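Colleague: I'm new to this one and would like a close look at a single part of it. Could you pick the salt bridges and walk me through them, with a little of the surroundings?

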Protein chains: 2
Amino acid sequence: MDERAALRLLSDELAAAGDDAAAVDGLVVTTDMLHERTDFPAGTSRYTAGWRAVGASLSDVAAMGADATAAVAAYAAPSFDRGELLDFVRGARDVCERVDAEYVGGDLDGHEEFTVSTTAIGRTDDPVPRSGARPGDLVCVTGTFGRSAAALRLFERGDAERANDLFRFDPRVATGRALAPHATALMDSSDGLARSLHQLAEASDCGFAIESESVPIADAVCEVAANDDQALELATTFGEDFELVATVPDRSVAAVRNATDVSLSVIGTVRDADEGERVTMDGESLPDRGYTHG
Amino acid sequence: MDERAALRLLSDELAAAGDDAAAVDGLVVTTDMLHERTDFPAGTSRYTAGWRAVGASLSDVAAMGADATAAVAAYAAPSFDRGELLDFVRGARDVCERVDAEYVGGDLDGHEEFTVSTTAIGRTDDPVPRSGARPGDLVCVTGTFGRSAAALRLFERGDAERANDLFRFDPRVATGRALAPHATALMDSSDGLARSLHQLAEASDCGFAIESESVPIADAVCEVAANDDQALELATTFGEDFELVATVPDRSVAAVRNATDVSLSVIGTVRDADEGERVTMDGESLPDRGYTHG
């Protein structure tokens, strides 16, 4: 059974599973495990690792439209180097500060491969699901796409400083709060924009028509990509950008934009499920491709 | 830097660290990571693994005197077997049901070694710290000690069924709630009774005088131990029993006992720090030995 099949099995077994975070009793809770080999390219600083690992969980809290309350991390490594451990903790704490959450520590553990497991907790009485998109809604995204794709190329080229900068990101908690009263469906783009669009459209049983020229592409991608087509490909399928993907009624877009400092781009519209392909870009099928987290 | 030194470093760095769980904003949060090689002996069923991993975090919630709200787990394995995954989830869910918490799922992750990271969340406005024991208080423990030590021997002997039974445990959430209004210091015994006594006494800056004949030893230990001395040794140092260790004013012990179905044994008294050794058993120094979690 592959990971997606296993996730479907769990989603059948557990009522609270199947969204970015589980909602229970006014809280949202989400957990992730990251490994050096699959998630932290050579050159990733422990500060960036702490920021990114905890940030990924905070992004899941944002994707529920919740306030972020606290985060913890279990840090497993073959040995504990004082400087590395403090850098990790500072990265974790700094990303929490960005979203007004408290980093409250966690567990330490001897393990061959550097592995981090993070959990974030948020509060909302009204979590935004993935399943409420309606035909006529607009498909909106925060920020820009492709930063992590560009970072990976820069790590490969040995430009670790710029790569680390690009690899850190602001979890969109405040924008998630601004979207919450209006969005009909919401998730984050951790598995890539294309896959997120498919997941939202499937959960809502509708279709999305996306316009490529409206997809906001990070400047850094254009530097590392051979041409515009490759830049668009990286921006839509690489993933790990931790932006929000939402569907919002046309009349509410201005209100959301007024309530957040982060750019909100309208990249397409929601249509009926029976009008052809699940997700199209410029009228052609957009494949459900992206990053399957290892 | 070994794990204990690293934990001290973190405890200096993070205000919320250093107790069984972090307290933030009316919540307590705790996270643990467990690995097949160090935490799940050959013969441990996935049902027991799910129960035990989530139970360990719920025990940390109990050790704060909090109500248990929810738990999540990240499940990492080389492949996902449908039966194993469902067994794990059922064990996780069943231990949550025992303490009126909700198991809300988590993350799946490809990884060479079976590894589980669990987080539990509880609620209390008044967490019980490790640091409030006062001379004259009584040292109390829940349940019996040595179940996990006995389970390990039975796994080694191939008696997996009895071993699995012993390896599951009831997190003492209800008893933690009963202790909370009265206990001056509280923690769980996951690192062994002897180490827990040292940690409580150090955090409270006092000494403990323990009587060995009052330490409740699980029947199963007596079966696997060569003699009474070895049984006492296993019960006090093996750890992983997830009982509560508390200090309680003499006048309050009856009230705690009335408020819980779980047995509460008085095993000693709290005395001034300057009266010799930090922790004594039958008048002799009880070494700070126990299980350092890998």
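Modeller: Here is a walk through some of the salt bridges, followed by a strand and a helix for context. Keep in mind that this is a predicted model.

Over all chains, the structure holds 28 salt bridges. The general idea is simple: side chains of opposite charge can pair when their charged atoms come close.

Let's start in chain A. The side chains of A:Glu233 and A:Arg289 form a salt bridge, with 3.0 Å from N to O. This pair links distant parts of the chain, 56 residues apart: A:Glu233 sits in helix α10 (residues 228-237) of chain A, and A:Arg289 in the segment after β12 (284-285) of chain A. A:Glu233 has 33% relative accessibility, so it counts as partly exposed. A:Arg289, at 40%, counts as partly exposed too.

Now hop over to chain B, where B:Arg130 and B:Asp20 meet through their side chains in a salt bridge of 3.1 Å, N to O. B:Arg130 belongs to the loop between β5 (115-123) and β6 (138-142) of chain B, while B:Asp20 belongs to the loop between α1 (3-13) and β1 (22-24) of chain B, so the pair ties together parts 110 residues apart in sequence. Both B:Arg130 and B:Asp20 are buried.

Another pair in chain B is B:Arg278 with B:Asp205, whose closest N and O atoms are 3.7 Å apart. Here B:Arg278 comes from the loop between β10 (264-271) and β11 (279-281) of chain B and B:Asp205 from the loop between α8 (193-204) and β8 (207-210) of chain B, so parts 73 residues apart in sequence are tied together. B:Arg278 counts as partly exposed because its relative accessibility is 27%, whereas B:Asp205 counts as exposed because its value is 53%. There is also a network of salt bridges that links A:Arg37, A:Glu113 and B:Glu112.

For the surroundings, go back to chain A. Strand β10 (residues 264-271) of chain A has 6 of its 8 residues buried, so the rest of the structure largely encloses it. Strand β6 (residues 138-142) of chain A pairs with β10(A) in the antiparallel sense over 5 bridges, and A:Val141 stands opposite A:Ser265. Strand β8 (residues 207-210) of chain A also runs antiparallel to β10(A), joined by 4 bridges, with A:Ile210 opposite A:Gly268.

Last comes helix α3 (residues 46-62) of chain A, with 17 residues. α3(A) bends by about 25° at A:Ala56. Of its 17 residues, 16 are buried, so α3(A) is largely enclosed by the rest of the structure.

Technical notes
Residues numbered from 1 in each chain as written. Chains lettered and ligands numbered in written order. Predicted model: local features only at pLDDT ≥ 70, side-chain atom pairs only at ≥ 80, totals over all residues. Heavy atoms only, no water. Helix = DSSP H or I, 4+ residues; strand = E, 2+ residues; numbered from the N terminus. Expected span 1.5 Å × (residues − 1). Bend = angle between axes of the 7 residues up to and from the residue. Buried < 20%, exposed > 50% of the residue type's maximum accessible area, 1.4 Å probe, protein only. Pairing = 2+ DSSP bridges. Salt bridge = Lys/Arg side-chain N within 4 Å of Asp/Glu carboxyl O.
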